[in-house]
Amino acid sequence: MKKWNLLALLLCLSVILAACGSNSEEEQATSGGEAEKDAFTIGVIPVQTEGQMDTAMKKLQTLLSEKLGREVSIEVYPDYNGVVEAMNYDKIDMAYLGPLTYVIAEANSNAKAIITQLIDGVPYYHSYIITHKDSPLTSIEDLVANAGETDFAFGDINSTSGSLIPSIELQEQGVYTSENDNKFASVRFTGSHDATALAIQNKQVDAGAIDSAIYDQLVESGKIDGDQFKTIWKSEELFQYPWAVLESTDEETIKTLQETFLAIKDPEILDAFGASGFTEATNADYESIKQAAIKQGIIKE
C-alpha cells in the first residue's frame with residue numbers, strides 16, 4: 001500500500017514540475033516577445049539607392065539607440081508606399097517620409113511630424129524638371145510643345161517632388177493626366193531620384209522630375225556630372241521631408257528624438273539626406289502638400 005502511495009506522490013510531483021516548466025517557457029516566450037516589441041523601429045523611404053544609405057543608417061541607428069536607451073532598428077524600404085503601409089499597421093514607430101507620403105500617413109494613421117532636415121540652413125526644397133545639356137529643350141514651354149517627342153521620367157509614384165508636384169504642373173499644361181493618359185512619347189517611373197538623374201545623364205530619357213536638394217547632393221558627391229544637366233523648371237518652395245512618429249508616442253520619447261536629431265553633426269548621416277542639419281517640424285508645415293494631394297484625389301478631406 002505504501003508503495004502505491006509513493007508512486008502516486010512521485011506522479012503528482014512530475015505533473016507539477018512539468019507544469020512549472022511549461023509556465024516558465026511561456027513566460028520566457030512572453031518576455032522575449034515584449035523585449036522584441038520594445039525595440040524602437042524606424043522605416044526610411046529610398047531617397048537614394050539602398051546601398052548608398054546603408055552606412056549612414058547604421059550610424060544613425062547606433063546614435064538613437066544610445067540616446068533612447070533601447071534597441072533601435074532602422075530599415076530602408078524598397079519603395080515609398082511600403083513605409084506608409086508599415087506605419088498604418090503599427091509595424092514601425094517612426095518613419096522618414098516624403099511630404100506626400102507623410103500627408104497620406106497622417107490622414108490614414110494620424111502620424112505626427114516632429115523633425116525635418118535643413119538644406120543650406122533652410123527647411124525648403126523644390127521640384128526640378130531637368131534635361132541633358134545636349135537636349136534642345138530649354139523651358140517648360142519647350143517641353144510641352146515637344147511632348148510627343150519626349151521620353152519623360154518621374155521618380156517614385158508617391159514622391160512629392162518626383163511625381164506629385166511636377167504632375168500637377170504638367171496636368172495644368174495639358175500634357176499629362178496619368179502614366180497611361182498623356183501626350184509624351186513615353187512616361188516611366190524610375191523609383192528614385194538618383195535613378196532619374198542617371199537615366200537623363202545616360203540619355204535613356206529626355207527629361208525628368210527630381211528633388212532639388214537630392215540633385216545638388218548627387219552633383220556634390222560626384223555621383224552624377226552636374227555639367228551634363230539643365231534645369232528647365234522649378235517649383236515653388238516645398239517644406240522638407242519629415243520624420244514622423246505614431247500618434248501614441250509619448251512626449252519624453254519625442255523630446256529625446258528631437259534633441260538627438262538637432263545635435264547631429266556627422267557629415268555621413270547628413271549627406272545621406274542632403275542635409276546641413278535638422279530642425280523641428282509640425283503637421284501644419286505640410287498643409288500645402290495636403291491640399292495638393294486632395295486636389296489629385298490621393299487623400300480625402
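Q: Which residues of α6 are buried?
A: This is a predicted model, with local features needing pLDDT of at least 70 and side-chain atom pairs pLDDT 80 or more, while totals for chains, interfaces and linings use all residues. Numbering runs from 1 along each chain as its sequence is written, and side-chain values use heavy atoms, without hydrogens or water. Helices here are DSSP runs of H or I, at least four residues, numbered from the N terminus. Counting as buried anything under 20% relative accessible area (exposed is over 50%, partly exposed in between; 1.4 Å probe, protein chains only), the list is Thr160, Ser161, Gly162, Ser163, Leu164, Ile165, Pro166, Ser167, Ile168, Glu169 and Leu170.

Q: How many of the residues of α6 are buried?
A: The helix covers residues 160-172. It's mostly covered, with the buried count at 11 of 13.

Q: Where is the kink in α6 centred?
A: Take the angle between axes fitted to the seven residues ending at a residue and the seven starting there. For α6 that gives about 30 degrees, and the centre is proline 166.

Q: Which backbone nitrogen does a side-chain oxygen of serine 159 reach at the start of α6?
A: Look at the front end of the helix, where serine 159 sits. Its side-chain oxygen comes to within 2.8 Å of the backbone nitrogen of glycine 162.

Q: What phi does glycine 174 take?
A: Glycine 174 comes just after α6. Its phi is positive, at about 85 degrees.

Methods. Helices (H or I, at least four residues) and strands (E, at least two) are DSSP runs, numbered from the N terminus. A polar contact is a pair of N or O atoms within 3.5 Å; within protein, one must be able to donate a hydrogen and the other to accept it, and residues adjacent in sequence count only if both atoms are side-chain atoms.
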